[in-house]
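I opened my notebook to look at how the inside of this protein is put together. Here are my entries, in the order I went through them.

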Amino acid sequence: MAKSWTDAHQDDLEERYRAVRALTEALAAPLSDADATVQSMPDASPAKWHLAHVTWFFETFVLRDHVAGYRPFDPRYAFLFNSYYEAEGARHARPMRGMLTRPSLTEVRAYRAHVDAALTGALGMLPQPARALVTLGLQHEQQHQELLLTDLLHLFSLNPLEPALFGAPSAAPVALPGPLHWIEGREGLVEIGEDGRGGFAFDCEGPRHKALLHPHTLAHRPISNGEWIAFIEDGGYRTAAHWLSDGWAWVQNEGVDAPLYWKPSEQGWTRFGLDGRQPVNPAAPVTHISLYEADAYASWAGARLPTEAEWESAAQNVAAVSGNQLDGPDSPRPRPAEDGSALTQMFGDVWEWTGSAYRPHPGFRAAPGAVGEYNGKFMSGQFVLKGGSCATPRGHARSSYRNFFYPHQRWQFTGLRLAKDL
């Protein structure tokens with residue numbers, strides 16, 4: 001099993017580099033060249049492209065810019081595997097990435113090996129700014145490890161054979177979670193955001209600043225599949241009063257009547273995962289829902305979505321490496337909550353939608369140069385999700401971490417936790 005990156009402050013940089021790169025290889029090991037080439041939708045990228053893009057990041061921003069005499073593995077790859085960095089010039093169109101039948105998966109793996117050898121050989125001589133870029137690149141690759149899995153899940157779901165990439169665990173009976181407990185959140189002025197003293201953070205996570213919280217409570221766990229089924233059976237997808245206007249239009253236009261990958265059967269609801277099609281576990285957290293669906297459920301339940309500040313304030317004293325997160329090449333799946341009266345599953349299992357727009361924290365400034373395009377230019381029209389998922393590599397999440405997606409998107413492991421005003 002590939003080693004996880006669990007402590008960015010104590011592990012040696014080369015050891016961390018090898019561990020992260022090895023996990024990516026292990027996740028992609030079962031893939032054929034065809035599996036790795038096809039693109040299922042414009043929002044998703046082929047596995048082969050993910051493997052090459054994260055390698056291009058190290059080659060471009062570290063080796064090209066900081067290692068004298070380095071020659072690119074193939075100068076054409078800069079056009080193929082740049083994602084959205086305008087400062088790096090023209091690039092292959094995102095919706096057309098699935099047309100890249102060449103280079104082959106074998107050639108992409110050779111590219112990775114070439115860059116790995118060059119970078120590990122140069123690590124001891126790199127200046128501190130370059131070493132910081134290596135750390136950024138590792139965090140970037142961990143993001144793509146999760147995207148690799150979720151993009152493959154979407155791809156395989158479109159295959160009528162519904163193939164499994166990983167084996168399914170033996171089914172075991174699990175008790176349904178008890179009723180929600182409501183935990184009072186902090187009130188008044190609180191501090192959120194990264195202050196730069198707690199290890200790595202993306203630029204959008206700071207600066208640390210004060211936020212005003214009004215009296216509120218948070219549900220002690222995310223909403224379960226069983227509770228979501230009750231929403232469906234009560235006509236939740238057919239009752240306009242629960243939905244935002246844009247969400248109701250989306251439901252009508254797309255014919256949405258259940259979470260993504262769910263299908264009804266004579267035995268009940270089933271879901272598709274990287275372990276194939278399986279019965280929906282009513283005790284596990286619901287996942288693959290959009291912001292629109294999460295908001296409609298909250299309305300139906302007489303509650304609301306938490307704000308980013310409420311969620312982050314509650315999670316600051318919870319160990320971010322805890323919970324059900326990705327430790328190796330296996331099928332990610334949300335697991336049932338442990339019942340109790342304390343906050344649980346704040347990290348892992350499902351990304352939790354908040355009602356907060358993805359906008360800059362007060363005082364935010366994008367980093368200079370091309371890497372400054374990483375987060376800031378996407379602060380429009382998207383919502384913040386918190387906490388990580390079962391597909392998030394362990395050690396990658398933080399309470400200040402800001403994931404963000406458009407309100408209709410749901411191919412990630414996205415779920416919800418309710419909040420209420422007091």
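**Notes on the interior**

I began with a lining: α3 (47-66) and α6 (128-157) each supply at least two residues to the wall of the largest cavity. I kept in mind that this is a predicted model.

*Cavities.* How many cavities of 30 Å³ or more are there? I found three. I noted about 50 Å³ as the volume of the largest cavity. Its lining is made up of 13 residues, and the closest to the centre are Val-38, Ser-45, Pro-46, Asp-151 and Leu-152. Which element gives the most to that lining? It is α6, with four residues. Sorted by class, I have seven nonpolar, four polar and two charged residues around the largest cavity.

*Nonpolar cores.* I then turned to the largest nonpolar core, which holds 98 residues. I wrote down the members that touch the most others: Val-134, Leu-152, Trp-228, Trp-262 and Leu-416. Again α6 comes up, as it gives the most to this core, with 11 residues. Leu-152 was a nice one to meet twice, since it is also on my list of residues closest to the centre of the largest cavity.

I followed Leu-416 a little further. Setting aside residues up to four places away in sequence, Leu-416 touches Pro-222, Ile-223, Trp-228, Val-286, Ile-289, Ala-294, Tyr-297, Leu-305 and Trp-353. Apart from the largest core lies another, of six residues, with Trp-311, Ala-315, Ala-320 and Ala-397 among them.

*Helix α10.* Two of those names led me to α10, where Trp-311 and Ala-315 are among the buried residues. Is this helix mostly covered or mostly open? Mostly covered: in α10 (residues 308-315), seven of the eight residues are buried. Besides the two just named, my buried list for α10 has Glu-308, Ala-309, Glu-310, Glu-312 and Ser-313. The cover over these buried residues includes the strands β2 (188-192), β3 (209-213), β4 (216-219), β8 (351-357), β9 (383-386) and β12 (419-421).

*Asn-82.* My last stop was a loop residue, Asn-82, between α4 (77-81) and α5 (105-122). Is Asn-82 buried or exposed? I count Asn-82 as buried because its relative accessible area is 0%. What does Asn-82 contact, leaving aside neighbours within four places in sequence? I listed Trp-49, His-53, Trp-56, Tyr-77, Glu-88, Gly-89, Ala-90, Arg-91 and Arg-97. I also noted that a polar atom of the Asn-82 side chain lies 3.2 Å from the backbone oxygen of Tyr-85.

Definitions and conventions:
Residues are numbered from 1 along each chain as its sequence is written. This is a predicted model: local features need pLDDT of at least 70, side-chain atom pairs count only at pLDDT 80 or more; totals for chains, interfaces and linings use all residues. Side-chain values use heavy atoms; hydrogens and water are left out. On a 1 Å grid over the protein atoms alone, a cavity is a set of points where a 1.4 Å probe fits but cannot get out, and a pocket is an open set with protein on both sides within 12 Å along at least five of seven lines; lining residues have an atom within 4 Å of a point. Grid points are joined across faces, edges and corners, and a volume is the space filled by probe spheres set on the points. Ala, Val, Leu, Ile, Met, Phe, Trp, Tyr, Cys and Pro count as nonpolar, Asp, Glu, Lys and Arg as charged, and the others, Gly among them, as polar. Buried means under 20% relative accessible area, exposed over 50%, partly exposed in between (1.4 Å probe, protein chains only). Contact means heavy atoms within 4.5 Å. A nonpolar core is a set of buried Ala, Val, Leu, Ile, Met, Phe, Trp, Tyr and Cys residues joined through side-chain atoms within 4.5 Å. A polar contact is a pair of N or O atoms within 3.5 Å; within protein, one must be able to donate a hydrogen and the other to accept it, and residues adjacent in sequence count only if both atoms are side-chain atoms.
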